[in-house]
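Colleague: I should like a close look at one part of this model, namely the charged side chains that pair with one another. Please also describe how that part stands in relation to the rest of the chain.

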Amino acid sequence: MLFQTPPYTLIDLSRKNDGSQDRAAFAKDVAAGLSQSPKRLSSRYFYDANGSRLFQQIMALPEYYLTRAEFSVIQRHRSAMVSAFAAAGFFHLVDLGAGDAMKTKLLLEELANQKKNFDYVPMDISGAAMRELGDDLQQTYPELHVQAVVAEYITGLKWLKQHLTERKVVLFLGSNLGNFEREEGMDFVRQIRQHLQPGDLFLLGVDLAKDPETILAAYNDPGGVTAAFNLNLLSRINRELGGNFDLEAFSHFALYDPQLGVMKSYLVSRREQEVYMEATGARYAFAAWEAIHTENSHKYTLQQAAEMGNKAGFKLVTSYLDENSGFADMLFEVV
Ligand SMILES: C[S@@+](CC[C@H](N)C(=O)[O-])C[C@H]1O[C@@H](n2cnc3c(N)ncnc32)[C@H](O)[C@@H]1O
């Protein structure tokens, strides 16, 4: 599906435009996750319109250092980044899981100021996010050629391998890699490598291991915005799959394991209960204090992340750091 709204193009690779297959896939994942032990729901479903709005509030929280830290990385190093990206002429700037591209916009501004020759290819599973970003960029940079792709990561990577012929610079910012389990993260970096060519670049945003208290506070704010974001997953199931979750009967719970370097978020059932979902016609039983795992955020050391890149077939070019050395945007090149 291709919608031409010059000068930006929206390419919708989500399975069907009426959303029916997406709803079926969502129902299947939820049913599988609530039927297994221990229970789990995928963090990929956080970002409906309400979830995206709540995530924007999270990014503005004093405790949520991640966005500000990466913003600062890019602000400090954008001139060097842009020189590295554009060293060999025209390139496609691909932004995996672009969201509102708040930080990427710093790079776009620098690229425009330096009159570099590139086009911009944001990709995201959220159609709403891609439409908003496309409209926004059309206003700010009417000359910029934008192809906004609505797709799950792997579908998007396949598309770019087939359709983008020039050199690519792939951004994977926002510590999104942290949402994968360590092995899955390694596999994902390998997948990215397999969809690129020698000379292509990959900029990976990594939240580095740091004081556990700082990390825990970022995912457990006292005002309850993170809790609302996590609970929105249940509201979304109610809205889209005809669920009857009682939101009062579940609580957000977050913990950080400093040995494994992983932040984990849960929704805990406050009592024994059953939840019905129209989409599957099934009931799901919860014991009192039974938890649903909803999100992982793995933290890495610079060395661990560099090793991951090397194993996947990349060479580390350089690591750009914020002033506290708490967040890194690591630039890799395909060898
Ligand atoms: C934490 S936001 C990061 C946004 C932006 N890159 C940044 O650094 O601020 C994560 C984004 O990834 C998207 N996303 C999550 N899982 C995805 C998946 N499996 N495929 C494609 N996009 C995904 C979400 O819709 C969301 O916009």
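Modeller: Lys103 has a relative accessibility of 11% and counts as buried, because the limit for that class is under 20%. The model is a predicted one, and the values below are computed from it. The side chain of Lys103 meets that of Glu70 in a salt bridge, with 2.7 Å from N to O. This pair brings together distant parts of the chain: Glu70 belongs to helix α3 (residues 65-85), while Lys103 sits in the loop between β4 (91-96) and α4 (104-113), and the two are 33 residues apart. Glu70 is buried as well, since its relative accessibility is 0%.

Helix α3 contributes to a further pairing through Arg78. Arg78 forms a salt bridge with Glu109, in which the closest N and O atoms are 3.2 Å apart. Arg78 is in helix α3 and Glu109 is in helix α4, so this salt bridge ties together parts that are 31 residues apart in sequence. The exposure of each residue can be stated separately: Arg78 has a relative accessible area of 17% and is therefore buried, whereas Glu109, at 34% relative accessibility, counts as partly exposed.

Arg78 also takes part in a network of salt bridges that links it with Glu109 and Glu110. Glu110, like its network partner Glu109, has its place in helix α4. With a relative accessible area of 14%, Glu110 is buried. Apart from neighbours within four places in sequence, Glu110 is in contact with Arg78, Ser79 and Val82.

Helix α4 is tied to another helix through Lys105. The side chains of Lys105 and Asp136 meet in a salt bridge at 2.5 Å, N to O. Here again distant parts of the chain are linked, with Lys105 in helix α4 and Asp136 in helix α5 (residues 127-140), 31 residues apart. Lys105 is partly exposed, at a relative accessible area of 26%, and Asp136 is partly exposed too, at 28%.

The pairs described so far are among the 12 salt bridges counted in the model by this rule. In general, side chains of opposite charge can pair when their charged atoms come close.

The wider setting is given by the domain division. The protein chain is divided into domain 1 (2-12 + 64-210 + 301-334) and domain 2 (33-61 + 212-298). The contact between them takes 15 residues from domain 1 and 20 residues from domain 2. The C-alpha centres of the two domains lie 27 Å apart. Between them, domain 1 and domain 2 bury about 1700 Å², of which 48% is on carbon and sulfur atoms. The rule finds one salt bridge across this interface. Arg44 and Glu152 form a salt bridge, their closest N and O atoms being 3.7 Å apart; Arg44 falls within the 33-61 segment of domain 2 and Glu152 within the 64-210 segment of domain 1.

Each domain also supplies strands that can be set beside these charged pairs. In the 2-12 segment of domain 1, five of the five residues of strand β2 (residues 8-12) are buried, so this strand is largely enclosed by the rest of the structure. Its two faces are both covered, with Tyr8, Leu10 and Asp12 buried on one side and Thr9 and Ile11 buried on the other. Strand β2 runs parallel to strand β6 (residues 146-150), to which five bridges join it. Within this pairing, Leu10 has Ala148 of β6 as its bridge partner.

On the side of domain 2, four strands form an open sheet of mixed pairing, in the order β3-β13-β10-β9. Strands β3 (39-40) and β9 (250-257) stand at its edges with a single partner strand each, so one side of each has no neighbour in the sheet. Strand β3 is joined by two bridges to strand β13 (residues 291-298), and these two run parallel. Arg40 stands opposite His293 in β13.

Finally, an unreviewed UniProt entry carries the annotation "domain: Histidine-specific methyltransferase SAM-dependent" for residues 26-333. In the model, the end C-alpha atoms of that span lie 35 Å apart, and the span is 41% helix and 26% strand.

Key
Residues are numbered from 1 along each chain as its sequence is written. This is a predicted model: local features need pLDDT of at least 70, side-chain atom pairs count only at pLDDT 80 or more; totals for chains, interfaces and linings use all residues. Side-chain values use heavy atoms; hydrogens and water are left out. Buried means under 20% relative accessible area, exposed over 50%, partly exposed in between (1.4 Å probe, protein chains only). Two strands pair if DSSP finds at least two bridges between them. UniProt positions are given in the numbering used here, feature names are shortened, and annotations may be inferred rather than shown by experiment. Domain bounds come from an automatic or database domain assignment. Contact means heavy atoms within 4.5 Å. Buried area is the accessible area (1.4 Å probe) that two parts lose on being put together, summed over both. A salt bridge is a side-chain nitrogen of Lys or Arg within 4 Å of a carboxyl oxygen of Asp or Glu.
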